[in-house]
Amino acid sequence: MKPPQQQRGNVEGVLLSRKLFSSLLIALIVSLGVVCLYYGTSFAPGLRRRGHHPADGSDPVFRGFIAAASDEDDDPPSFSGDAADLVVKSFPVCDMRFSELIPCLDRNLIYQLKLKLNLSLMEHYERHCPPPSRRYNCLIPPPIGYKTAIGWPASRDEVWKVNVPHTHLAGEKSDQRWMVVNGDKINFPGGGTHFHFGAGRYIAHIAQMLKFPNDNLSDGGNIRTALDVGCGVASFGAYLLSHNIIAMSLAPNDVHENQIQFALERGIPSMLGVLGTKRLPYPSRSFELAHCSRCRIDWLQRDGILLLELDRVLRPGGYFVYSSPEAYATDEKNRRIWRAMSDLVQRMCWRIASKKNQTVIWAKPLTNGCYSRRDPGTIPPLCSSDNDPDAAWHVPMKPCITPYSKKEVNRAKGSELVPWPQRLTTPPPRLEELGISSENFIEDNEIWHWRVMQYWKQMNSQIAKDSFRNVMDMRANLGGFAASLANKDVWVMNVVPVNESSKLKVIYDRGLLGTLHDWCESFSTYPRTYDLLHAWLLFSEIEKQGCNLEDLLIEMDRMLRPSGFIIIRDKVPVINYVRMFLTSLKWDLWSSEVEPKVDALSSGEERVLIVRKKLWKEGD
């Protein structure tokens, strides 16, 4: 047995060792905590860490050179330097639960930020973008088993189930024939809440109600652009295409899960949006026809403000097609709603153009005559003279009627627009509001026709007839790019940046579709919804605004389908900058860069870079 003194020494040694071990363990935990605090947001499934870039220009997330992120306290990124010789090796990949992330329509973000929104006014379905500190800097993964989208026109009637793995609507709307699950595909028979026998027959019925020749709703090309609110899976818009009518199918990201995602997967023009508290992102007098088939909208609320928003975007003489129980049901509740709605539209000077069975069609007046004959104090009032009816980005709706200007009163029906397809290339009347001459408009058309021909030659080895269906022009100018694609089986979302918003009215006057947008924010669409993105001088403009260029690249990747293409026409430093990211974005399936011919729209020395995105999966 050891002496007590030796035993005490051994015990003290053990205690000292334990204290030393505990101290080392605590130091290790603290060190790890500091590391996690510093790097955590970068390695989390996507929160961007801002304003903490090392002095040497490297960033731990990307393991390579990266321009300083623009934030409130940061300088805008620069394209200067030796960017052409540098490569960003990787972007993190988001967790699979973010596979359908729409950053500015993310209800989880609303809950996290504790935004106080009025649910009865649909504010929770409006855009609420994350602050810079909560933006995602990771690539959105496709769902497991994702397949290349079915090409148009077959996609109108069927899509791969794995690409939009949501079958709830097939069961909920089975009696209305919205969609049917059929093995590994989802089929779309063309039904709707008020057209169980198919959208084609329903559209022909509307044409008959208006006594248009040959049961064609286009009325010889006089009706070209339509707005379908509460569109479901957009079968109404799908079947309008055979009438040479192009519809903006609009619906919120609501309980009818992923309806707009289905619409875009089918190749039908559509976007997420809601009639809530803000104006729709379209200029006044954009559509010849608006449609609501049991769209579940309370048109009587707030003195009819939602119907007045439709009035703002309808052209003179435009139609509102309304199919809903209020138009035909005989119970007291629906009769009461019908009487109130009839009274409202009468005060708005709309007239009934036709009413039959389940559908009523109202027409907007052609002139101010009816407005001037209303009794003083009639509600809704006329908008004040300082109201800009074309202001439409984050502008609150106004409960007033927009009267026509003197110039508009003197014009013929439809704002003096010629029928489609001549409308596409004829200088529209509202050009003069932009100070653009007819000669400049025609020259713009010719330039874009040449440019698009060169783009297609550049991509010729990579594309097939059905490679493209959903196309986005991210800085659309006057719509010349889209007009040059009129002979192809594509539709184009013409996006006009908010600082050029006056140009969007010209795009609609040409018979094309588009929307306003601020590219410092995320677009209102699901991931993987466009086959081709076109960006002309967009990066140069974004740099001037001081917005983050990495955010724009990641947003473009989010919107682009696997195997899709991006055309970037911009200044040489921009192209060199974008090239740094091709591998990390997985845009290196194929690429081509050329020096284009200088034309009247050129801005100094430019390059055209065309890249193709890989089809990759989460584990790649």
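1. The protein chain has 16 helices and 19 strands, and the reader should keep in mind from the start that this is a predicted model. Of the 620 residues in the protein chain, 56% are buried. The chain exposes about 26,700 Å², and carbon and sulfur atoms supply 53% of that area.

2. A further point on the chain as a whole concerns contacts between residues that are at least 6 apart in sequence: 70% of these contacts join residues at least 24 apart. One residue that illustrates the topic is Arg 279, which is placed in the loop between strand E8 (270-272) and strand E9 (287-293).

3. Is Arg 279 buried or exposed? Its relative accessibility is 6%, and buried means under 20%, so Arg 279 counts as buried.

4. Which residues does Arg 279 touch, if those up to four places away in sequence are not counted? The list comprises Glu 309, Arg 312, Asn 387, Asp 388, Pro 389, Ala 391, Ala 392, Val 395, Pro 396, Met 397 and Lys 398. For Pro 389, which lies 110 residues from Arg 279 along the chain, the C-alpha atoms of the two residues are separated by 9.8 Å.

5. Turning to a pair of helices, helix H14 (residues 538-545) and helix H15 (residues 549-559) pack with their axes 10 Å apart and at an angle of about 140 degrees. Angles over 145 degrees count as roughly antiparallel and those from 65 to 115 as roughly perpendicular, and H14 and H15 are therefore oblique to each other. The crossing of H14 and H15 is right-handed.

6. Where the two helices meet, H14 contributes Leu 538, Phe 539, Ile 542 and Glu 543, while H15 contributes Leu 549, Leu 552, Leu 553 and Met 556. Sorted by class, the contact of H14 with H15 has seven nonpolar residues, one charged residue and no polar residues. As background for reading such a list, an α-helix has 3.6 residues a turn, so residues three or four places apart point the same way.

7. The surroundings of H14 deserve a separate look, since the helix has other partners besides H15. Leu 538, Phe 539, Ser 540, Glu 541 and Ile 542 are buried in H14, and the buried residues of this helix pack against strand E16 (530-536), H15, strand E17 (560-571) and helix H16 (572-579). After H14 comes Gly 546, which has a positive phi, near 75 degrees.

Technical notes:
Residues numbered from 1 in each chain as written. Predicted model: local features only at pLDDT ≥ 70, side-chain atom pairs only at ≥ 80, totals over all residues. Heavy atoms only, no water. Axes fitted to C-alpha atoms, helices over the stretch in contact; angles between N-to-C directions. Helix = DSSP H or I, 4+ residues; strand = E, 2+ residues; numbered from the N terminus. Parallel < 35°, antiparallel > 145°, perpendicular 65-115°, else oblique. Left-handed = near helix turned anticlockwise from the far one by under 90°. Contact = heavy atoms within 4.5 Å. Nonpolar A, V, L, I, M, F, W, Y, C, P; charged D, E, K, R; others polar. Buried < 20%, exposed > 50% of the residue type's maximum accessible area, 1.4 Å probe, protein only. Areas by Shrake-Rupley, 256 points an atom, 1.4 Å probe, with all protein chains shown as cover.
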